[in-house]
Structure formats: C-alpha cells, structure tokens
Amino acid sequence: MQSQHRFYRCYGKRLLDVAAAATGLFVLAPLLLVIALVVKCSSRGPVFYRQLRIGKDQKPFKICKFRSMVVAADRLGPCITASGDQRVTPVGRYLRRWKLDELPQLWNVVKGDMSLVGPRPELPFYVQAYTEEQREVFSIRPGITDPATLEYRNEEDILAAARDRERFYTEVVLPDKLRLNLDYIERVSLLFDLALILMTLRVIPPGPKSDANVLEVGSKTTSRIGDEESPPHVKNALYTKGPHTREGS
C-alpha cells in the first residue's frame, strides 16, 4: 500500500492533474467564456486577476482567477476578504459564493504551478511567518482544493465576525489550515484526493456520510469537513473576550 501511495505522489498525482484539468478547461470552455464576458461588461477592469503566491519548493508563481473585486482592491484594504467587503463587485459576490472565480486555476494546474488537490497557496507576506514545520506544505504542489478549503467553506463569514480580521486570520485560522494540510500531506493517496474533489464539487454531500467516506480511505483530516458552522476552536476564539472579539461581544 505504501508503495502505491509513493507511486501516486511521484507520478499518478501529476497525471491526474493534467488529464482532469485539461478536460475541465475543454468541457467548461463555454461557461468560462460567459463568465469572462459578464466580468468584463459588469465593472471596469481586466477579466482576470493575477496575484503572486508561493508554490512547491517555495517558488513564487502567479495564481489566476476571474476578477471578483474592484481594480486595485489590494491597495484599498486588507489582504484577506470578509463577508460584506465593499471591494467585491456585485458579480464577484456571486462568483465567490459558488467558487466560480477559481476556475481559471485549472490553467495553473496544466502549467504545473498547482495541483487539483493540495495546500492552498498563500501570499508571500503570510509565508514569511511560517515555522520550519509549517514550511513542509511546500513539499508538494499547492492545490485548488484541500481539507482546509472544505473545513473553511464559510471563511469570509468567520472573518466578518472578528474585530481584528488580519490578526484573527494569522493567529487562529491560518495555523489551523496549515495543521490540516500537513496532515493531508502525510496521507496523500488517489482515493483521498478523489474524495476531496467530489466533496468540493458537492458530488459527495457534506455531512456525516461524506466524512465517513473520507475516513474509509485512511484520513482523520476531514472529521469536521462539511460542517457549515465554524470549527469549535474558532468559535471559542471569536466569542471569548480577547483581541479578536468585537466590542460588546
């Protein structure tokens, strides 16, 4: 079994990435064209948004998304986005809700910058604060989806409830995401990746059944995946008196 996992990690994962991403771009081409036209016609600015992220072996690359915010949004507010952020365009709210803004990352996968499944790539600003252990996430290609993406489906709502969003993200949310991804790296397998992809697409519905399916392929990472509420420790951080809580909470 270990030899099979090693083969998948070294060769099979990349084969799956290229085949699935190329097929996805071909099949979704009409939808991608429609989204591109809507983005272009609905607000001023380019169709795509490219941003520097840190990938495998700590090599920088530019991630590609459909633009969902106003031009120069990164100069108008924090790096993170919370629910109700005024920088998000009306069309962008819909795209972000259904994760349609992420579809151009299939091209990043084909190019080899990313994988379908792997730790979400972060901004250089956040990576600078990683510990040596946390930097192990750079041992594999970053992905479009991962256990942390599923765990934090409602991340923007979580951040909106925090008083100091940047601090809450760096001290509570990001370390937990890295923990989940380090756990994923130890358990990389074809079945686990397929289960995560299907849950991301909601082919496997969220909830106890989907958790059981992933647990059957040998992972404890997703014990809370599919729960639309905040993880317990995140709730504690939000609603306990401290630097993250809102006034009066």
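Which residue forms a salt bridge with aspartate 57? Select aspartate 57 together with lysine 56: these two form the salt bridge, and their closest N and O atoms are 3.3 Å apart. The model on display is a predicted one. Aspartate 57 is partly exposed, with a relative accessible area of 48%, and lysine 56 is also partly exposed, at 31%.

**The loop between β1 and β2**

Next, select glutamine 58. This residue is placed in the loop that runs between β1 (48-54) and β2 (60-66). Its backbone merits a check of the torsion angles: glutamine 58 is not a glycine, yet its phi is positive, at about 60°. Most residues other than glycine have a negative phi. The relative accessibility of glutamine 58 is 39%, which places the residue in the partly exposed class.

**A second positive phi**

Move to lysine 99, in the loop between α3 (90-97) and α4 (105-111). Here too phi is positive in a residue other than glycine, with a value near 60°. Lysine 99 counts as partly exposed, at 41% relative accessibility.

**The whole chain**

Now display the complete chain. It has 11 helices and 4 strands. Of its 249 residues, 47% are buried. The accessible surface amounts to about 13300 Å², and carbon and sulfur atoms account for 60% of that area. Contacts may be considered for residues at least 6 apart in sequence: among these, 68% join residues at least 24 apart.

**The nonpolar cores**

In soluble globular proteins, nonpolar side chains tend to be buried together. In this model, the largest nonpolar core holds 43 residues, and Phe168 and Tyr184 are the members that touch the most others. Colour helix α8 (residues 165-186) next: it supplies 10 residues, the largest share of this core. A second core, separate from that one, has 9 residues, among them Leu32, Ile35, Phe66 and Leu95.

**Helix α8 and its salt bridge**

Stay with helix α8 and show the side chains of arginine 167 and glutamate 171. They meet in a salt bridge, at 3.0 Å from N to O. Why are these two residues separated by about one helical turn? The reason is that they lie 4 residues apart in helix α8. Both ends of the pair are partly exposed: glutamate 171 has a relative accessible area of 43%, and arginine 167 has one of 37%. A further selection is Lys65, Glu102 and Arg120, which are joined into one network by salt bridges that share partners.

**A buried salt bridge**

The search of the whole structure finds 11 salt bridges. To view another of them, select aspartate 85 and arginine 87, whose closest N and O atoms are 2.7 Å apart. Are these partners buried or exposed? Aspartate 85 counts as buried because its relative accessibility is 12%, under the 20% cut-off. Arginine 87, at 8%, likewise counts as buried.

**Glutamate 155**

Select glutamate 155, in helix α7 (residues 155-160). With a relative accessible area of 17%, glutamate 155 is buried. To see what surrounds it, leave aside residues up to four places away in sequence: glutamate 155 then touches Tyr169, Val173 and Lys177. Add serine 83 to the selection. Glutamate 155 and serine 83 are 72 residues apart along the chain, and 8.5 Å separates their C-alpha atoms.

**A nonpolar patch on the surface**

Turn to the surface representation and select Leu190, Leu191 and Leu194. Together they make a nonpolar patch of about 250 Å². Leucine 194 belongs to helix α9 (residues 190-200), and its relative accessible area of 34% makes it partly exposed.

**The cysteines**

As a final stop, select cysteine 10 and cysteine 79. How many disulfides does a search of the whole structure find? The search finds 0. Cysteine 10 counts as partly exposed, at 48% relative accessibility. Cysteine 79 also counts as partly exposed, at 47%.

Definitions and conventions. Residues numbered from 1 in each chain as written. Predicted model: local features only at pLDDT ≥ 70, side-chain atom pairs only at ≥ 80, totals over all residues. Heavy atoms only, no water. Buried < 20%, exposed > 50% of the residue type's maximum accessible area, 1.4 Å probe, protein only. Contact = heavy atoms within 4.5 Å. Areas by Shrake-Rupley, 256 points an atom, 1.4 Å probe, with all protein chains shown as cover. Core = buried A, V, L, I, M, F, W, Y, C linked by side-chain atoms within 4.5 Å. Patch = residues over 30% accessible without salt bridge, like charges linked within 9 Å, V, L, I, M, F, W, Y side chains within 5 Å. Salt bridge = Lys/Arg side-chain N within 4 Å of Asp/Glu carboxyl O. Disulfide = S-S within 2.5 Å.
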